[in-house]
Amino acid sequence: MTTSKTLDSPIEPNDQSPPRSLKETRTWRPLVLRLHFYAGILVAPFILVAAITGGLYAVAPTLESVVYHDYLHVNPSGKQHAVAEQVAVAERQRPDLTVAAVRPAPGPTDTTRVLFDDPSLPDSTRLAVFVNPYTATPIGDLPVYGSAGALPLRTWLDHLHRDLHLGEAGRAYSEIAASWLWVVTLGGLYLWFRRYRRRRRSVAPARFATLDRRSAGRERTLNWHGVVGLWISVVLLFLSATGLTWSALAGQHVTDLRAALGWQTPTINTTIGTTPAQISGHEGHDGGHHPGGPTPAVDASAIDSVLSVAREHGVTGAVEVTVPDRPGVAYTVTQTRQPWMFSPDAIAIDGATGTVTDTLPFSAWPLPAQLTTLAIALHMGILFGLANQIALLGVVVGLVSVIARGYLLWWRRRPTRGTAWALGRPPLRGGLRRVGPVAAAAVGVAAVAIGWFVPWLGIPLAGFLAVDMIAAAWQRFRHAKQTLAADTPSRPN
């Protein structure tokens, strides 16, 4: 069994050992190694669960198209009915609810979704009645969630990934994972690069981005852990950053920062005359949810002419038409998230006159808002369709293997003698002293600032430090007690 005293698991000098040179003292490696170790051991379970649930959510659009095929697709047969007729059929199906929006069939084999506000459903959830556009007959109804129009399976997987179906309390798990993923990734990259440089200067063969199939035992485990981690590191950093935008605590700070910098998604003005009304762009998992009520004074009879005007102005493809909930408000036609859709434009139209009251092309959005929208679609497995989902699933498999081999490395560092339940010890303390006083102060300031902005990074980090300090104090107390006992002469009988 390989012990911890190997080239690939170096043991730093004892806390009391004087540094041999200034160059040896000024190094970040002991600090990063200890932080990477603690985060890997204690936070990796959260990351592992988030990876598995996230992988399931990434392929949810494909699963959804299979599970709900009969709701989503029909056989083309003749000419499609007017969208207004399809809406009227859905209204007769659910006369107790209010029509909020319509998603006309985007393709010849697709159904039309008529979306109703239903006060009995959770927030951001609407009831969709699926209509065969060729026969103008309802097929069935299902609740749909968010601006992505997720059906029950994808909604269930979404909440599993986000909060494990534990509500707001469960969101802490996913926020911890997103908060620490970038720290673990950057720390691992630093350590892997340092190891590569050290081995290049020695007689040992050095591999940086390729697997060494000739290695065995702990060396093979470490090689896989480092190389696969390197391959997926960019995607992990991306998933961490985008995941934080949906978190409860850090996500609010991100929202406040975007507002302060003017990076928010712009809104389209739906006012006709003096009635104030605005609709913002869709973003994230969530979507609008309006309370139910009586049938609005504005009906959906003008929806076909509104769609015609929207197409004339370039808002085509898969769209959602928001039906006004009162007079004096315009219809809005917004392109929905679809694979290979990079510019969700929107347009507001007066249903009575067909006049365009406002337009909101994607090109007019601030660049940060554009990048955020595209990044979210990429994170959700939508932007590049099936290829996007397969790539995310591959990253998940790689991350699971990296975490598993990280725990295996820890297990193989355990003492080979003594109790059978002994565990691999962490790297020795003293890493903060090795970076120098100025750098140590900078680390402290940065830790406080980042910990405030990303609370579920700062809270566990403070816990790590507290436990570490208590353990160190206990060890010093035991050492002093043993030293005192050894120095005290025994009394003669």
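# Worked exercises on a predicted model

At 12% relative accessibility, A136 counts as buried. The model is predicted, and the exercises below work through its helices, strands and cores.

**Exercise 1. Place A136 in its hairpin and describe its backbone.**

Step 1. Start with the location. A136 is found in the loop between β3 and β4.

Step 2. Look at the flanking strands. Strand β3 covers residues 125–132 and strand β4 covers residues 137–145. They pair in the antiparallel sense, over eight bridges. As one example, R126 has V144 of β4 as its bridge partner.

Step 3. Describe the connection. β3 and β4 form a hairpin, with four residues between them.

Step 4. Check the backbone angle. A136 is not a glycine, yet its phi is positive, at about 55°.

Step 5. Check the burial. The cut-off for buried is under 20% relative accessible area. A136 has 12%, so A136 counts as buried.

**Exercise 2. Find where W340 lies and decide whether W340 is buried or exposed.**

Step 1. Locate the residue. W340 sits in the loop between β8 (331–335) and β9 (346–349).

Step 2. Read phi. W340 has a positive value of about 65°, although W340 is not a glycine.

Step 3. Apply the cut-off. Exposed means over 50% relative accessible area. W340 has 54%, so W340 is exposed.

**Exercise 3. Test the span of helix α8 against its residue count, then locate its bend.**

Step 1. Count residues. Helix α8 runs over residues 171–200, which is 30 residues.

Step 2. Compute the expected span. The rule is 1.5 Å times one less than the number of residues. For α8 this gives 44 Å.

Step 3. Compare. The end C-alpha atoms of α8 are 44 Å apart, which agrees with the expected span.

Step 4. Find the bend. α8 bends by about 30° at W180.

**Exercise 4. Determine which face of helices α4 and α6 is buried, and what packs there.**

Step 1. Recall the geometry. An α-helix has 3.6 residues a turn, so residues three or four places apart point the same way.

Step 2. Take α4, residues 60–67. Its buried residues are A60, P61 and E64. Seen down the axis of α4, these fall within an arc of 100°, so they line one face of the helix.

Step 3. Name the cover. Among the elements over the buried residues of α4 are α3, α5 (69–72), α7 (152–163) and α13.

Step 4. Take α6, residues 83–93. Its buried residues are V83, Q86, V87, V89 and A90. They cover an arc of only 160° around the axis, which puts them on the same side of α6.

Step 5. Name the partners. The buried residues of α6 pack against β1 (98–103), β2 (112–117), β3, β4 and α11 (303–312).

Step 6. Zoom in on one residue. A90 of α6 has 0% relative accessibility and counts as buried. Leaving out residues up to four places away in sequence, A90 touches V114, F116, V129 and V131. The C-alpha atoms of A90 and T137 are 8.2 Å apart, with 47 residues separating the two along the chain.

**Exercise 5. Describe the largest nonpolar core and the elements that build it.**

Step 1. Give its size. The largest nonpolar core has 30 residues.

Step 2. List the residues with the most contacts inside it. They are V43, I47, W180, I232, L236 and L399.

Step 3. List the contributing elements. Those giving two or more residues are α2, α3 (44–58), α8, α9 (217–245), α13 (385–412) and α15 (455–487). α8 gives the most, with eight residues.

Step 4. Follow one member. Beyond its neighbours within four places in sequence, I232 is in contact with V395, G398, L399 and V402.

Step 5. Separate the other core. Apart from the largest one lies another core, of 27 residues, among them V102, F116, V315 and V333.

**Exercise 6. Work out the setting of H36.**

Step 1. Assign the element. H36 is in helix α2, residues 29–42.

Step 2. Assign the burial. Buried means under 20% relative accessible area. H36 has 19%, so H36 is buried.

Step 3. List the contacts. Neighbours within four places in sequence aside, H36 contacts V184, G187, G188, L191 and H225.

**Exercise 7. Summarise the whole chain.**

Step 1. Count elements. The protein chain has 15 helices and ten strands.

Step 2. Give the burial. Of its 493 residues, 46% count as buried.

Step 3. Give the contact range. Among contacts with a separation of 6 or more, 64% join residues 24 or more positions apart.

Conventions:
Residues are numbered from 1 along each chain as its sequence is written. This is a predicted model: local features need pLDDT of at least 70, side-chain atom pairs count only at pLDDT 80 or more; totals for chains, interfaces and linings use all residues. Side-chain values use heavy atoms; hydrogens and water are left out. The bend at a residue is the angle between axes fitted to the seven residues ending there and the seven starting there. Buried means under 20% relative accessible area, exposed over 50%, partly exposed in between (1.4 Å probe, protein chains only). Contact means heavy atoms within 4.5 Å. A nonpolar core is a set of buried Ala, Val, Leu, Ile, Met, Phe, Trp, Tyr and Cys residues joined through side-chain atoms within 4.5 Å. Two strands pair if DSSP finds at least two bridges between them. The arc is that of the directions from the helix axis to the C-beta atoms.
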